[in-house]
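Okay, everyone, thanks for coming. I'd like to walk you through a structure that's new to most of you, so let's get it up on the screen.

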Amino acid sequence: MRKLNIILFTIVLAGLFSSCKLDNYDAPDGQLVGNIIDAETNELVQQDIIRGTTIKLIEHGYDPVTPQYMRVKTDGTYANTLLFSNTYTVQPDQRNFVQIDEQEVVISSNTKLDFKVQPYIRVKNAKIIKNGDKVTATFNLDQNVIETVGRIGLYAHTQPIVGEPIRLIATEASLNRNVNESELMTLEINVKENTSVFKTGEQYFFRIGAVVNIPEAKFNYAPA
């Protein structure tokens with residue numbers, strides 16, 4: 001009986017191994033890196049790390065194919081080093097700038113692709129100072145689309161990725177109107193009234209943002 005069990009176990013084990021196949025696909029050998037650049041100022045277009053701009057990639061040669069999405073960093077740069085060398089259709093998807101045409105890109109081991117874009121809004125002349133118990137932000141907005149500016153905000157967090165979705169505290173104002181670049185905007189956060197958030201000895205980052213009234217539009221920012 002014991003001998004029969006050993007034989008049966010050997011047969012089952014052999015069957016399991018025979019059904020296993022090694023993955024003989026090559027590892028990803030392509031990468032795509034680049035920048036989102038303001039076509040007028042040549043500055044990087046600031047982003048949110050959450051609910052910010054994404055880049056859609058569709059790899060050629062497969063049907064159907066599931067699009068891949070790359071998330072842009074807060075400073076407006078992006079990188080994906082785990083792509084397969086191939087031809088892709090590439091286009092920014094969710095974004096805080098006017099849409100640009102899709103393009104075909106041959107991605108290999110060291111491919112760079114910058115996007116020159118027109119931001120929906122530019123946050124200009126940003127100044128953030130602490131005066132007494134208040135942190136005050138002043139700035140101008142350069143509106144580049146006909147849609148109205150919906151909301152502006154001053155956001156604070158312990159990390160430099162601070163923004164509308166990542167903040168410990170914020171002061172926001174609804175505008176829902178067109179703005180003039182000469183108009184000085186002001187937002188304040190009262191430190192004394194928010195001691196549960198602001199701790200003595202801690203470092204905090206502040207960031208000014210604004211969003212237009214376009215469906216799915218993402219915030220535009222000044223640097224943190």
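**Pockets, a sheet and some salt bridges**

Let's start with empty space: the largest pocket holds about 260 Å³. Fifteen is the number to keep in mind for its lining, because 15 residues line that pocket, and the closest to its centre are E43, L44, R122, V123 and Y221. One thing to say right away is that this is a predicted model.

So which strand gives the largest share of that lining? That's β9, with four residues. Strands β9 and β15 each put in at least two. If you sort the lining by class, you get eight nonpolar residues, three polar and four charged.

There's a second largest pocket too, at about 190 Å³. Its lining includes K130, K192 and K199, along with F198, Y204 and F206. By class, this lining has five nonpolar residues, two polar and three charged.

Now, hang on to R122, one of the residues closest to the centre of the largest pocket. Which residue does R122 meet in a salt bridge? The partner is D38, and the N to O distance is 2.5 Å. What I like here is the spacing: D38 belongs to strand β1, residues 30-38, while R122 belongs to strand β9, residues 121-131, so to speak a link between distant parts of the chain, 84 residues apart. Are these two buried or exposed? D38 is buried, at 4% relative accessibility, and R122 is buried as well, at 9%.

That's one salt bridge out of 10 in the whole structure. Another joins the side chains of R51 and E164, at 2.7 Å from N to O. Again, distant parts of the chain are linked: R51 sits in the loop between β1 and β2, E164 in the loop between β11 and β12, and they're 113 residues apart. Here the two ends don't match in exposure: R51 is partly exposed, with a relative accessible area of 46%, whereas E164 counts as buried at 14%.

Then we have E172 and R167, whose side chains meet at 3.9 Å, N to O. E172 is partly exposed at 34%, and R167 is partly exposed at 33%. Through shared partners, salt bridges tie R51, R151, E164, R167 and E172 into one network.

Okay, on to the sheet. Picture four strands in an open sheet, in the order β12-β11-β14-β15, with antiparallel pairing. Why do β12 and β15 each have a side without a neighbour in the sheet? They stand at the edges, β12 at 169-177 and β15 at 220-221, and each has a single partner strand, so one side is left free of a neighbour.

Let's look at β11, residues 149-157, and its pairing with β14, residues 205-212: eight bridges, antiparallel. Within that pairing, G153 stands opposite G209, and L154 has I208 as its bridge partner. Towards β12, seven bridges join the antiparallel strands, and there I152 stands opposite A173. And how many of the nine residues of β11 are buried? Eight, so β11 is largely enclosed by the rest of the structure.

To wrap up, if you turn the model around yourselves, try finding R122 again: it's part of the lining of the largest pocket and it's also the salt-bridge partner of D38.

Conventions: Residues are numbered from 1 along each chain as its sequence is written. This is a predicted model: local features need pLDDT of at least 70, side-chain atom pairs count only at pLDDT 80 or more; totals for chains, interfaces and linings use all residues. Side-chain values use heavy atoms; hydrogens and water are left out. Two strands pair if DSSP finds at least two bridges between them. A salt bridge is a side-chain nitrogen of Lys or Arg within 4 Å of a carboxyl oxygen of Asp or Glu. Buried means under 20% relative accessible area, exposed over 50%, partly exposed in between (1.4 Å probe, protein chains only). On a 1 Å grid over the protein atoms alone, a cavity is a set of points where a 1.4 Å probe fits but cannot get out, and a pocket is an open set with protein on both sides within 12 Å along at least five of seven lines; lining residues have an atom within 4 Å of a point. Grid points are joined across faces, edges and corners, and a volume is the space filled by probe spheres set on the points. Ala, Val, Leu, Ile, Met, Phe, Trp, Tyr, Cys and Pro count as nonpolar, Asp, Glu, Lys and Arg as charged, and the others, Gly among them, as polar.
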